[in-house]
There are 2 protein chains.
Amino acid sequence: MTTSNLHRQPAPPLYERIKGTLREGILSGHYAPASLLPSEAALGEQFHASRITVRQALADLQNEGLIFRRHGKGTFVSQPKAFQNVTALQGFAEAMSAQGHAIRNRVLTLRTVPAPTDVAQALQLAPGTAVVELHRVRLLDQSPVSLEVTWLPEALGSVVARADLVTRDVFLVLEQDAGVALGHATLAIDAALADHATATALDTGAGAALLRVERLTHDAQGAPIDFERLYFRGDAFQYRLRLDRQVAAHAQSILPLQGTV
Amino acid sequence: MTTSNLHRQPAPPLYERIKGTLREGILSGHYAPASLLPSEAALGEQFHASRITVRQALADLQNEGLIFRRHGKGTFVSQPKAFQNVTALQGFAEAMSAQGHAIRNRVLTLRTVPAPTDVAQALQLAPGTAVVELHRVRLLDQSPVSLEVTWLPEALGSVVARADLVTRDVFLVLEQDAGVALGHATLAIDAALADHATATALDTGAGAALLRVERLTHDAQGAPIDFERLYFRGDAFQYRLRLDRQVAAHAQSILPLQGTV
């Protein structure tokens with residue numbers, strides 16, 4: 001190529017080459033999901049690299065979520081991630097069981113609390129109004145994938161509190177038990193590190209990467225009724241969606257969230 | 001409330017109460033964005049807590065992105081995050097400049113490489129086919145917000161390589177300079193930790209939380225032409241979108257991505 005901008009760059013450092021080779025091996029299927037990678041010593045020999053250089057390459061692959069380590073057992077290739085197609089507003093069980101996954105929930109907390117500032121603002125309540133707060137770990141095929149923290153106005157929350165929260169989505173309880181017609185939700189999506197409590201709930205290390213979703217669900221009349229913070233394990237889950245370059249004329253604008261996430 | 005499930009729980013541990021009080025203070029605006037929080041010693045006195053307990057609360061708030069620390073200067077309240085409304089397929093500059101932000105790009109790498117397995121698969125090329133690889137840091141109001149790694153087939157890549165990559169989105173170069181009609185893109189969104197190179201590019205610490213987006217853009221005929229990995233600073237950026245409970249009949253299904261993220 002003859003463009004002035006474009007040129008071949010010098011060879012990357014050794015740890016980048018080790019990383020690239022292992023990454024290729026994983027993506028091509030040469031190293032299968034859940035299989036054991038060669039030991040650090042074996043990789044050092046293969047690449048004529050020091051233990052420190054090998055560790056740097058493995059640390060990067062672990063940060064990317066391609067591999068994980070088990071103390072005393074070695075380094076393994078990660079399983080393919082579970083994913084949720086984001087087209088309509090769906091609960092986790094609804095979306096994932098359609099793909100054949102088994103969903104169970106571990107209820108950690110169910111209590112009445114005075115609404116914190118951000119929750120009160122989202123639900124359009126006076127600060128300190130009683131709300132029901134629910135913490136659940138969602139288990140996908142028996143492994144923890146997300147922590148859901150939900151706040152509901154007390155009247156709806158008391159209906160949800162009587163439901164089977166081990167198997168059912170809150171959305172379905174709201175529709176079927178409380179007779180609410182759900183409308184739309186606004187979502188804010190970002191990333192954060194797991195704090196101690198979240199790491200414990202999700203059976204991951206503190207400081208692990210989390211996909212964080214703040215979701216405010218409205219009823220069909222547009223009143224906010226359900227405010228949630230969802231924390232997904234970054235190494236176990238992804239959202240997928242499709243966007244078109246040309247927006248259809250019917251597409252609706254996004255209402256700004258309060259921006260507290 | 002009299003439901004059997006619902007009950008008041010014992011008081012949370014002290015560090016949770018410190019965290020909750022500071023969080024309230026930040027969200028209510030009592031502590032303004034960019035302002036200095038009280039010192040660890042002052043917080044310890046205020047809450048009758050040890051330095052270790054105060055640090056645990058601050059570490060959690062930092063993981064959440066609500067505060068940040070400057071060595072030797074103290075702990076500060078984070079600025080509100082920049083956000084991108086996700087309705088149509090848009091480049092970063094296109095989306096963010098509409099909100100009045102100034103966008104510049106730092107070009108780190110522009111080179112021709114043999115397509116790695118996952119890139120070749122996404123672009124439907126034979127493995128090893130030459131592709132153009134572009135690494136850019138996107139600066140929002142002069143602060144680094146994302147690292148974009150882009151792979152293009154060589155013919156399109158050579159057009160992009162001749163363009164002004166400091167100010168222009170690749171999407172606009174493809175449309176305006178290469179005459180491509182863009183169609184749709186599939187996105188996979190998850191979270192990961194920053195490796196050393198990404199942390200350096202984004203001026204954050206290694207191990208910081210990243211919102212990671214894998215985006216495969218197709219032309220109007222449905223052929224894949226642009227494969228990207230976008231790494232957004234978790235503490236500086238969020239995606240926002242709106243979902244409806246009832247999917248309109250025109251909504252299109254999402255094509256599965258290859259699932260390598």
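Biologist: Through which surface do the copies meet, judging by the interface residues of chain A and chain B?
Modeller: This is a predicted model. Of the interface residues of chain A, 100% are also interface residues in chain B. The two copies therefore meet through the same surface.

Biologist: What relation does laying chain A on chain B give?
Modeller: In general, two copies of a chain are related by a rotation about an axis and a shift along it. Here chain A is laid on chain B by a turn of 180 degrees with a shift of 0.0 Å along the axis, and the RMSD is 0.0 Å. That is the relation of a two-fold axis.

Biologist: Which strands stand at the edges of the open sheet of eight strands?
Modeller: The order is 4(A)-5(A)-6(A)-9(A)-8(A)-7(A)-10(B)-3(B), and the pairing is mixed. An edge strand has a single partner strand, so one of its sides is left without a neighbour in the sheet. The twist from one strand to the next averages 20 degrees. The edge strands are strand 4 (103-114) of chain A and strand 3 (82-85) of chain B.

Biologist: Within that sheet, which residue is the bridge partner of A:Val149?
Modeller: Strand 6 (residues 143-153) of chain A runs antiparallel to strand 9 (residues 224-233) of chain A, and six bridges join them. The partner of A:Val149 lies in strand 9 of chain A. That partner is A:Arg229.

Biologist: What angle does helix 6 of chain A make with strand 6 of chain A?
Modeller: Helix 6 (residues 154-161) packs on the sheet, where it touches strand 4, strand 5 (130-140), strand 6 and strand 9 of chain A. Its direction and that of strand 6 differ by an angle of about 140 degrees.

Biologist: How many residues of helix 6 of chain A are buried?
Modeller: The buried residues are A:Leu156, A:Gly157, A:Ser158, A:Val159, A:Val160 and A:Ala161. Their cover includes helix 7 (170-176) as well as strands 4, 5, 6 and 9 of chain A. The helix is largely enclosed by the rest of the structure because the buried count is six of the eight.

Biologist: Which residues touch the most other members of the largest nonpolar core?
Modeller: B:Tyr239 touches residues of both chains, among them A:Leu187, A:Ile189, B:Val86 and B:Phe232. The core holds 78 residues. Those with the most contacts to other members are A:Tyr239 and B:Tyr239.

Biologist: Which UniProt annotation covers residues 12-80 of chain A?
Modeller: Over these residues the chain is 52% helix and 12% strand, with the end C-alpha atoms 28 Å apart. The annotation comes from an unreviewed UniProt entry and reads "domain: HTH gntR-type".

Note on methods
Residues numbered from 1 in each chain as written. Chains lettered and ligands numbered in written order. Predicted model: local features only at pLDDT ≥ 70, side-chain atom pairs only at ≥ 80, totals over all residues. Heavy atoms only, no water. Pairing = 2+ DSSP bridges. Helix = DSSP H or I, 4+ residues; strand = E, 2+ residues; numbered from the N terminus. Axes fitted to C-alpha atoms, helices over the stretch in contact; angles between N-to-C directions. Contact = heavy atoms within 4.5 Å. Core = buried A, V, L, I, M, F, W, Y, C linked by side-chain atoms within 4.5 Å. Buried < 20%, exposed > 50% of the residue type's maximum accessible area, 1.4 Å probe, protein only. Least-squares fit on C-alpha atoms with pLDDT ≥ 70 in both. UniProt positions renumbered as here; feature names shortened; annotations may be inferred. Lists of a residue's contacts leave out its neighbours within four places in sequence.
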